[in-house]
Amino acid sequence: MEVKNESKSNALGVSLSGVQLQNPIIPASGCFGFGYVMAEYYDIDMLGAISIKGTTRDARFGNPLPRIAECPSGMINSVGLQNPGIDVVINNELPKLRKMFHQPIVANISGFSIDGYVECCEKIDRAEQVEIIELNVSCPNVHGGGMSFGTSTESIGEVVREVRKVVKKPLYVKLSPNVTDIVSIAQAAVDAGADGLCLINTILGMRIDIKTRRPVVANRMGGMSGPAIFPVAVRMVNQVAHACGVPIIGCGGVSSAKDVIEMMMAGATAVEVGAANLVNPYACKEIIEALPAEMEKLGIASLPEIVGIV
């Protein structure tokens, strides 16, 4: 099905590697399911794009319960990439979403080996519903995969190079903030063939129940998200934008139209909204609706003009 495109005459419109978005708002992977369930709440066709639930080669139940811990200005999750596997996603989930969503779809792909990443990306590259591939090398909630590929220049370069060989669609690499030098990691991904970058994923955190004297999350640790990590995300997006010269999808603690504008000023072309959807299922809708008024207050004629101005 043809993707609707209204961005050329739209002050909110942006472009990611030639893929036109009617606005920069993308629900982040893991916080919006496979998208179609959210159509019960509002017309999801108003979104710029949707990043679907992280997908692996094989079906995964995920980590043991409990998986969620509250913390001030955020939450810790250790879901562990629960998903039905790449073949079910392509055959069942994507067609369901496309029936009611006519904007770009971003496929978030994770793995536990380079072969796993390559196989999934090769398959998803052939899926007619998908416009952008988001290579997740930054999930902190699985062992032997995810973040382990995104914390060194050598490993991220290797996985991106191999995936690049089998995909033609725009390839965006989602980066982990759990590193000492985000710029070198980002540059290694770009040098290996990434068309763009997505940052940041969650920050590794932990909560302890002082009554039971045990970790709140069964996996002990998990990824912290929410407003508390927003300044870290803005800083990293700005560093990478100045260094790498490729489009960036900014994410991490975004919960308002003002946050979106700040993230774009830091260097993001589009913005993913994650944990805010779990608190308020209308978060993305409300942000999109609030953007024109915020732009008018600040004298912004169109969003692309502010990208990376800081």
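Here are three short exercises on helices and strands, each with a worked solution.

This is a predicted model, in which local features need pLDDT of at least 70 and side-chain atom pairs count only at pLDDT 80 or more, while totals for chains, interfaces and linings use all residues. Residues are numbered from 1 along each chain as its sequence is written, and side-chain values use heavy atoms, leaving out hydrogens and water.

**Exercise 1**

Find how α1 and α2 are arranged and which residues make their contact.

Step 1. Locate helix α1 at residues 86-100 and helix α2 at residues 114-125. Helices here are DSSP runs of H or I with at least four residues, strands are runs of E with at least two, and both are numbered from the N terminus.

Step 2. The two axes come within 10 Å and cross at roughly 25°. That makes α1 roughly parallel to α2 (under 35 degrees counts as roughly parallel, over 145 as roughly antiparallel, 65 to 115 as roughly perpendicular and the rest as oblique). Axes are lines fitted to C-alpha atoms, for helices over the stretch in contact, and angles run from 0 to 180 degrees between N-to-C directions.

Step 3. I86, D87, I90 and L94 of α1 make the contact with C120, K123 and I124 of α2 (contact means heavy atoms within 4.5 Å).

**Exercise 2**

Now describe how α4 meets α5.

Step 1. The axes of α4 (residues 182-191) and α5 (residues 230-244) come within 9 Å and cross at roughly 50°. That makes α4 oblique to α5.

Step 2. On the α4 side you will find I182, V183, A186, Q187 and V190, and they meet M236, Q239, V240, A243 and C244 in α5.

**Exercise 3**

Work out the strand order of the open sheet, then place helices α3 and α8 on it.

Step 1. The sheet has 8 strands in the order β3-β16-β15-β10-β9-β8-β7-β4, with parallel pairing (two strands pair if DSSP finds at least two bridges between them).

Step 2. β3 (25-27) and β4 (50-51) stand at the edges with a single partner strand each, so one side of each is left without a neighbour in the sheet.

Step 3. Look inside the sheet: β10 (residues 196-199) and β15 (residues 248-251) pair in the parallel sense over 3 bridges. There, L199 stands opposite G250 in β15.

Step 4. Helix α3 (residues 153-164) packs on the sheet, touching β8 (132-136) and β9 (171-174), and its direction makes about 155° with that of β9. Helix α8 (residues 283-298) lies across β3 and β16 (270-273), running at about 175° to β3.
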